[in-house]
Every structure is written in structure tokens, then in C-alpha cells.
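Open the model in your viewer and keep the sequence panel in sight. The stops below say what to select next and what is there.

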Amino acid sequence: MRRQEGRVEVRFVIDRAGSLLEGVIIRGSGHDVLDEEAAAMMRRASPFPRAPNEVPGERIEFSAPIDFILPA
């Protein structure tokens, strides 16, 4: 069993309907399995909620950390 922790920085782009257009790792954790899971999480989360009318643009870009922390 692997007991790995780390932070993966991701960037993803969605369209107004919430469909994932692009998802990339911008900084890996140093553990391939965690980086692969972060990429898979972005794909599984699609479709995201629709963009509110107040948000401009056809493409909406986000950057976020994903922390993998083992329970104490």
C-alpha cells in the first residue's frame, strides 16, 4: 500500500455549460499516482455547474491546488 501525500496544482478550462475543455497539471506532487489521480478527478467532475450569467466569456479558467492528505 502506498502512503503518499502531496499537493498537485491544476488548471482547467470549462465552457459556459460546464463541460471540461482542458485540464492540465501545472505543478506535480512528485508522485505519479497522485498526479494521475488529480487529472482523473478533473475528468470525473465534468460536467461542472453551468456558469452564472454574471460571469463573462465563453471559456472560464480556474487554477486550484488539490491536496492529498492521509488521515492521522
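Begin with a pair of charged residues: select aspartate 67 and arginine 7, whose side chains meet in a salt bridge with an N to O distance of 2.6 Å. Aspartate 67 belongs to strand β3 and arginine 7 to strand β1, so this pair ties together parts that lie 60 residues apart in sequence. Aspartate 67 is partly exposed, at 39% relative accessible area. Arginine 7 is partly exposed as well, at 42%. Bear in mind throughout that this is a predicted model.

**Second stop: the other charged pairs**

How many salt bridges does the count come to? The count is five. For another of them, select glutamate 22 and arginine 11, where the salt bridge is 2.5 Å from N to O. Glutamate 22 lies in strand β2 and arginine 11 in strand β1, so the pair joins parts 11 residues apart in sequence. The relative accessible area of glutamate 22 is 28%, which makes this residue partly exposed.

Keep arginine 11 selected and add glutamate 61: these side chains also meet in a salt bridge, at 3.8 Å from N to O. This pair links distant parts of the chain, with arginine 11 in strand β1 and glutamate 61 in strand β3, 50 residues apart. Is glutamate 61 buried or exposed? Glutamate 61 is exposed, with a relative accessible area of 52%. Now add Arg59 to the selection: Arg11, Glu22, Arg59 and Glu61 are linked in a network of salt bridges.

**Third stop: a charged residue without a salt bridge**

Select glutamate 9, which is also found in strand β1. Glutamate 9 is buried, yet it has no salt bridge. How far away is the nearest side chain of opposite charge? That side chain belongs to arginine 7, and the distance is 4.1 Å. The cut-off for a salt bridge is 4 Å, so a pair at this distance is not counted. To see what surrounds glutamate 9, show Val24, Ile25, Ile26, Arg27, Ala64 and Pro65, which are its contacts once residues up to four places away in sequence are set aside.

**Fourth stop: the aromatic rings**

A search of the whole structure finds two aromatic pairs. For one of them, select phenylalanine 12 and phenylalanine 48: the ring centres are 5.2 Å apart and the planes are at 15 degrees, so the pair is stacked. Phenylalanine 12 is in strand β1 and phenylalanine 48 is in the loop between α1 and β3, and the pair links these distant parts of the chain across 36 residues. Phenylalanine 12 counts as buried at 13% relative accessibility. Phenylalanine 48 is buried too, at 19%.

Next add phenylalanine 62, which forms a stacked aromatic pair with phenylalanine 12, at 5.2 Å centre to centre and 20 degrees between the planes. Phenylalanine 12 is in strand β1 and phenylalanine 62 in strand β3, so this pair ties together parts that are 50 residues apart in sequence. Phenylalanine 62 is partly exposed, with a relative accessible area of 36%. With all three selected, you have the cluster that ring pairs make of Phe12, Phe48 and Phe62.

**Fifth stop: the helix**

Select residues 32-45 to show helix α1, which has 14 residues. From its first C-alpha to its last, α1 reaches 20 Å, close to the 20 Å expected at 1.5 Å a residue. Which residues of α1 are buried? They are Leu34, Asp35, Ala38, Ala40 and Met42. Show the strands β1 (6-15), β2 (20-27) and β3 (59-68) next, since the buried residues of α1 pack against them.

**Last stop: the nonpolar core**

The largest nonpolar core has 12 residues: select Val8, Val10, Phe12, Ile14, Leu34, Ala38, Met42, Phe48, Ala51, Ile60, Ile66 and Phe68. At least two residues of this core come from each of β1, α1 and β3. Which element gives the most to the core? The answer is β1, with four residues.

Finish on isoleucine 66, one of the core residues. Leaving aside neighbours within four places in sequence, isoleucine 66 is in contact with Gly6, Arg7, Val8, Val10, Ala38 and Met41. Arg7 brings the tour back to its opening pair, the salt bridge with aspartate 67.

Key: Residues are numbered from 1 along each chain as its sequence is written. This is a predicted model: local features need pLDDT of at least 70, side-chain atom pairs count only at pLDDT 80 or more; totals for chains, interfaces and linings use all residues. Side-chain values use heavy atoms; hydrogens and water are left out. The expected span of a helix is 1.5 Å times one less than its number of residues. Buried means under 20% relative accessible area, exposed over 50%, partly exposed in between (1.4 Å probe, protein chains only). Contact means heavy atoms within 4.5 Å. Rings of Phe, Tyr and Trp (its six-membered ring) pair if their centres lie within 6.5 Å; planes under 30 degrees apart count as stacked, over 60 as edge-to-face and the rest as tilted. Lys and Arg count as positive and Asp and Glu as negative; His and the chain ends are not counted. A nonpolar core is a set of buried Ala, Val, Leu, Ile, Met, Phe, Trp, Tyr and Cys residues joined through side-chain atoms within 4.5 Å.
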